[in-house]
Amino acid sequence: MKAALLQLNVSDDPQTNVVRTSDMVRQAADMGAEFILTPEVTNCVSLDRTHQRQVLQPEGDDPTLSALRKIACERQIHILIGSLALKTDDADGRFANRSFLIGPDGEILARYDKIHMFDVAISNDETYRESSGYRPGKRAVVAETAFAKIGMAVCYDMRFGLLANTLSAAGAQILTYPSAFSPITGAAHWHSLLRARAIEAGAWVLAPAQTGTHKSKTGKARTTFGHSLAVDPWGEVILDAGEAPGVYIFDLDLEKVAEARRRIPARDNARPFEGP
C-alpha cells in the first residue's frame with residue numbers, strides 16, 4: 001500500500017496550521033496514499049505556555065482533530081495525527097501531548113498520550129522541560145487496523161527501547177514516532193535511534209517530523225530537525241525527507257515484517273535472566 005509522511009513547519013497559530021495541514025493531507029490522498037501520518041504537535045508549535053493556554057483547545061473542540069477526521073471519512077483513508085497539544089481538566093493545568101489514529105469512517109480508533117517527557121539540557125542555550133507544561137501518559141497502545149497492528153509512540157519515546165520491544169511483543173508491525181526533534185540531537189542520534197528501533201522490533205518505523213524554524217507570535221521561536229524517515233524492518237531507510245516541508249510518498253510493504261522476523265527471530269530467542 002502507499003503511505004505518506006507529512007513534513008510540516010507549523011507556527012503557533014492553530015487556525016492557520018489546520019488549513020495547510022488539511023491541504024497536504026488531501027494532496028497525499030490524491031497521490032494515492034491510504035495511510036497518512038503527520039508529526040508531533042501538528043496543531044501548534046510553541047514554547048510559550050501562556051500563549052498555549054490562550055490558543056489550545058480540549059480534544060472535543062480541537063479544529064485540527066475535527067478537520068482531519070472529516071477528511072479521513074471523505075477520502076476513506078487512515079490518518080495518524082502524530083500528536084496534538086490539548087488542554088485537559090488536570091488540576092495543575094498541564095496539557096496532553098496526544099496521538100490519534102483515525103479510521104476511514106472518521107472515527108478515532110486509538111489515542112496515545114506521550115509517556116516520556118523531554119526534560120533535558122542539551123546545551124547552555126537549548127533546554128527543555130516538557131513535563132512543566134505536559135502531563136505524561138501512562139499506557140502503551142497498539143491499535144489494530146485492517147492492514148496492520150500499529151504501536152503508537154511520540155518523539156522522545158524512541159530513546160526507550162523497552163517501549164518498542166513491548167509494542168512489538170504485543171503484535172505491532174509498525175511503530176510510529178511522530179516528532180519535533182532538536183537539530184542538535186537530531187544530527188547526532190535521529191537516524192541511529194530509529195534504525196535501531198526498527199531492527200530490534202522487526203517492524204516498520206515511521207517518523208513524520210516537524211522541520212525548520214517555526215513562526216512564533218510570542219516567546220522564543222523553536223527550530224526542529226526535519227528528516228522524516230520511513231525505515232523498513234531490516235533497518236533500511238526507505239525514505240529520508242531531508243529538511244523541506246512537503247508530502248513524501250512511499251510503499252509500505254508489510255510482508256517485510258514477517259521476512260525480517262524469520263531471518264532474525266530475536267523475539268523468539270529472548271530469554272529471561274537474573275542479575276546483575
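**Notebook: burial, cores and empty space in a predicted model**

I began with burial and noted that 54% of the 276 residues of the chain count as buried, where buried means under 20% relative accessible area, exposed over 50% and partly exposed in between (1.4 Å probe, protein chains only). I keep in mind that this is a predicted model, in which local features need pLDDT of at least 70 and side-chain atom pairs count only at pLDDT 80 or more, while totals for chains, interfaces and linings use all residues. Residues are numbered from 1 along each chain as its sequence is written, and side-chain values use heavy atoms, with hydrogens and water left out.

**Overall form**

I looked up the radius of gyration, taken over C-alpha atoms, and found 18 Å for the chain, which agrees with the value near 19 Å for a compact globule of 276 residues; the globule rule is 2.2 Å times the number of residues to the power 0.38. Along the principal axes, the C-alpha atoms fill a box of roughly 50 × 50 × 35 Å. I counted seven helices and 16 strands in the chain, these being DSSP runs numbered from the N terminus (helices H or I, at least four residues; strands E, at least two). Of the contacts (heavy atoms within 4.5 Å) between residues at least 6 apart in sequence, 69% join residues at least 24 apart.

**Nonpolar cores**

I took a nonpolar core to be a set of buried Ala, Val, Leu, Ile, Met, Phe, Trp, Tyr and Cys residues joined through side-chain atoms within 4.5 Å. The largest such core has 47 residues, of which Phe35 and Leu206 touch the most other members. Helix 5 (residues 183–201) gives the most to this core, with five residues. Apart from this core lies another, of 32 residues, with Ile77, Ile79, Ile81 and Ala85 among them. For Phe35 I listed the residues touched, leaving out those up to four places away in sequence, and the list includes Met1, His78, Phe147, Leu206 and Leu252.

**Pocket and cavity**

I next searched for empty space on a 1 Å grid over the protein atoms alone, where a cavity is a set of points where a 1.4 Å probe fits but cannot get out, a pocket is an open set with protein on both sides within 12 Å along at least five of seven lines, and lining residues have an atom within 4 Å of a point. The largest pocket has a volume of about 330 Å³, a volume being the space filled by probe spheres set on the points. Its lining has 20 residues, and Leu47, Arg49, Glu130, Tyr134 and Arg222 lie nearest the centre of the pocket. Strand 7 supplies the largest share of this lining, three residues.

I found one cavity of 30 Å³ or more, and the largest cavity holds about 40 Å³ of space. Arg222 is one of the residues lining this cavity, as are Phe118, Cys155 and Tyr156.

**Two loop residues**

I placed Ala146 in the loop between strand 8 (141–144) and strand 9 (149–152), and Ala146 counts as exposed because its relative accessibility is 85%. Ser123, in the loop between strand 6 (119–121) and strand 7, counts as partly exposed at 28% relative accessibility. The C-alpha atoms of Ser123 and Ile184 are separated by 9.2 Å, although these residues are 61 residues apart along the chain.
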